[in-house]
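Good morning, colleagues. Please take a moment to look at the sequence and the model before I begin.

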Amino acid sequence: MNREDFPILEQQIHGRRLVYLDNAATSQKPKVVIDAINYAYTHFNANVHRGVHHLSQVSTEHHEHARQTVAEFINARSANDIVFTKGTTDSINLLAFCLSETFEPGDEIIVSAMEHHSNIVPWQMACERRQLKLRVIPLCEDLTLDIEKLPSLINEKTKLISIAHASNVLGIENRIEQVIQIAHRHGILVAVDAAQSIAHSRIDVQKLDCDFLAFSGHKLYGPTGIGVLYGKEKLLDKLPPYQGGGEMIQHVSFQGTTFNSLPYKFEAGTPDFIGSYGLEKALEYVKGIGIDKIAQHESELTARVEQLLSEDIAGIKIYAAGQPKRGAVSVNVFKGDGSLIHPFDIGVLLDHQGVEVRTGHHCAQPMMEIMGVPGTIRISVGLYNDETDIDVLVEAMKKSVAMLV
Ligand SMILES: *Cc1c(COP(=O)(O)O)cnc(C)c1O
């Protein structure tokens, strides 16, 4: 679908059609986004907010318009709920730092065993700094979240649950609606890591009723270096600022400094006003095609990956097989004697055939430990992938495995 909108896909890799199946790491950019960045630098590059001059005003208008577009994309109540960051990692670090400042020593935070390191390490650092305790929701045998165990992890010290909407390793979606319901019944806040789900499903933060939500522009066909932290305005308002600097202040003196209103309080320094413009164009592009249509197309592709690989490759293990996927499928191949063919070896051979997949631990080492492997081969699709890509992948996998067994 719309492959021709993505200039990078015109090239060949090692003389073959480029089959890009590493979208969970980053997505390619449509021409409208690449052109928009060029347009911004060519036409309105000027720092935002501070200048009275014309270009600065234009730049500011674009930046704030992009904030409004982001708010509409996730159905936030107001643009004040949208903080621009560098990406998901930056969003979660901001949240972990600022929220933990409002917690008391001994308070508790819950994450899950399937989190990306970005949704583990910032909380561990906050726990260390503020003497908090981190608890972990375990997984069931089938690698889904063991929500039944959640109530037993909750007590009167629990302040926050931070959880992935979809696993970047397995592509499966967590039942976050249920997590949010349970949490709110106990007065606990919920932060959602939507880095993997945002490009593959419709997200409505008001309907979900999550308190915070983080995602990156670059996995959503937008530029690298811009991301979003959504937060309910009244909650963001209660948090202390994160970094200090320009833009985030109201008045600075050596007697004391007062801070700007939302969302600027959290945006110290010159913001990525070129990135926000590119992100807005990416969101408009996705909206133009329709996120539901994209989701449907991608779930057909991941189902095809599962079906063809399990038919055609002896010793294949598909993780969370048969469960609906949000853009990603993880597999491994085992030899007849039960030993693992190292995912890296398959990845190298796939690359020689023009097929780009990610192999490794996918920044989820605790998850790998549960799965009992050092890594997986992750096939992750975007809107521009098609059946041909999947067929090329499967043929290339067959050839690669034949060389390694
Ligand atoms: C990619 C990803 C992250 C990190 O995103 P960055 O853009 O690298 O900051 C966090 N969580 C999940 C689930 C991801 O897929």
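Around the ligand we find Thr88, Thr89, His116, Ser118, Asn168, Asp193, Ala195, Gln196, Ser216, His218 and Lys219. I should say at once that this is a predicted model. By character, the residues of this shell divide into 8 polar, 2 charged and 1 nonpolar.

Several side chains of the shell make polar contacts with the ligand. Asp193 has a side-chain N or O atom 2.5 Å from a nitrogen atom of the ligand. For Ser216, the partner is an oxygen atom of the ligand, at 2.6 Å from an N or O atom of the side chain. Lys219 likewise places a polar side-chain atom 2.7 Å from an oxygen atom of the ligand. How much of the ligand's accessible area does the protein cover? On its own the ligand has 380 Å² of accessible area, and the protein covers 87% of that.

Let me turn to the salt bridges. Side chains of opposite charge can pair when their charged atoms come close. In this model the count comes to 22 salt bridges.

One of them joins the side chains of Asp386 and Arg17, with 3.1 Å from N to O. Which parts of the chain does this pair tie together? Asp386 sits in the loop between strand E18 (376–380) and helix H13 (387–404), while Arg17 belongs to strand E2 (residues 16–17), so the salt bridge connects parts that are 369 residues apart in sequence. Asp386 counts as partly exposed, at 21% relative accessibility. Arg17 is partly exposed as well, at 30%. The two residues also belong to a network of salt bridges that links Arg3, Arg17, Asp386 and Asp389.

A second group centres on Lys232. Its side chain meets that of Asp209 in a salt bridge of 2.9 Å, N to O. Lys232 lies in the loop between strand E10 (227–231) and helix H8 (233–238), and Asp209 in the loop between helix H7 (205–208) and strand E9 (212–216), so parts that are 23 residues apart in sequence are tied together. Lys232 also forms a salt bridge with Asp211, where the closest N and O atoms are 3.0 Å apart. Asp211 is likewise in the loop between H7 and E9, so this pair ties the loop to the one between E10 and H8, across 21 residues of sequence.

Are these residues buried or exposed? Both Lys232 and Asp211 are buried. For Lys232 the relative accessibility is 16%, and the cut-off for buried is under 20%, which is why Lys232 counts as buried. Asp209, at 33% relative accessibility, counts as partly exposed.

I now come to two helices. An α-helix has 3.6 residues a turn, so residues three or four places apart point the same way. In helix H4 (residues 121–130), the buried residues include Pro122, Trp123, Ala126 and Cys127. These four cover an arc of only 140 degrees around the axis, and therefore lie on the same side of H4. Met125 and Glu128, on the other side of H4, are exposed.

Helix H6 (residues 176–185) can be described in a similar way. Here Ile176, Val179, Ile180, Ile182 and Ala183 are buried. Their arc around the axis is only 165 degrees, which puts them on the same side of H6. Gln181 and Arg185 are exposed, on the face of H6 turned away from the buried side.

Finally, some points on the backbone. Most residues other than glycine have a negative phi, and most peptide bonds are trans. Where does the model show a cis peptide bond? The bond from Leu262 to Pro263 is cis, with omega near -10 degrees. Pro263 is in the loop between strand E12 (256–259) and helix H9 (273–289).

Glu247 has a positive phi, near 70 degrees, although this residue is not glycine. Glu247 is part of the loop between H8 and strand E11 (249–253), and at 12% relative accessibility it counts as buried. His362, also not a glycine, has a positive phi of about 55 degrees. Its place is the loop between strand E17 (358–360) and helix H12 (365–371). With a relative accessible area of 0%, His362 is buried.

Thank you for your attention.

Methods. Residues are numbered from 1 along each chain as its sequence is written. This is a predicted model: local features need pLDDT of at least 70, side-chain atom pairs count only at pLDDT 80 or more; totals for chains, interfaces and linings use all residues. Side-chain values use heavy atoms; hydrogens and water are left out. A salt bridge is a side-chain nitrogen of Lys or Arg within 4 Å of a carboxyl oxygen of Asp or Glu. Helices (H or I, at least four residues) and strands (E, at least two) are DSSP runs, numbered from the N terminus. Buried means under 20% relative accessible area, exposed over 50%, partly exposed in between (1.4 Å probe, protein chains only). A residue is near a molecule or strand if one of its heavy atoms lies within 4 Å of it. A polar contact is a pair of N or O atoms within 3.5 Å; within protein, one must be able to donate a hydrogen and the other to accept it, and residues adjacent in sequence count only if both atoms are side-chain atoms. Accessible areas come from the Shrake-Rupley method with a 1.4 Å probe; for residues, only the protein chains shown count as cover. Ala, Val, Leu, Ile, Met, Phe, Trp, Tyr, Cys and Pro count as nonpolar, Asp, Glu, Lys and Arg as charged, and the others, Gly among them, as polar. The arc is that of the directions from the helix axis to the C-beta atoms.
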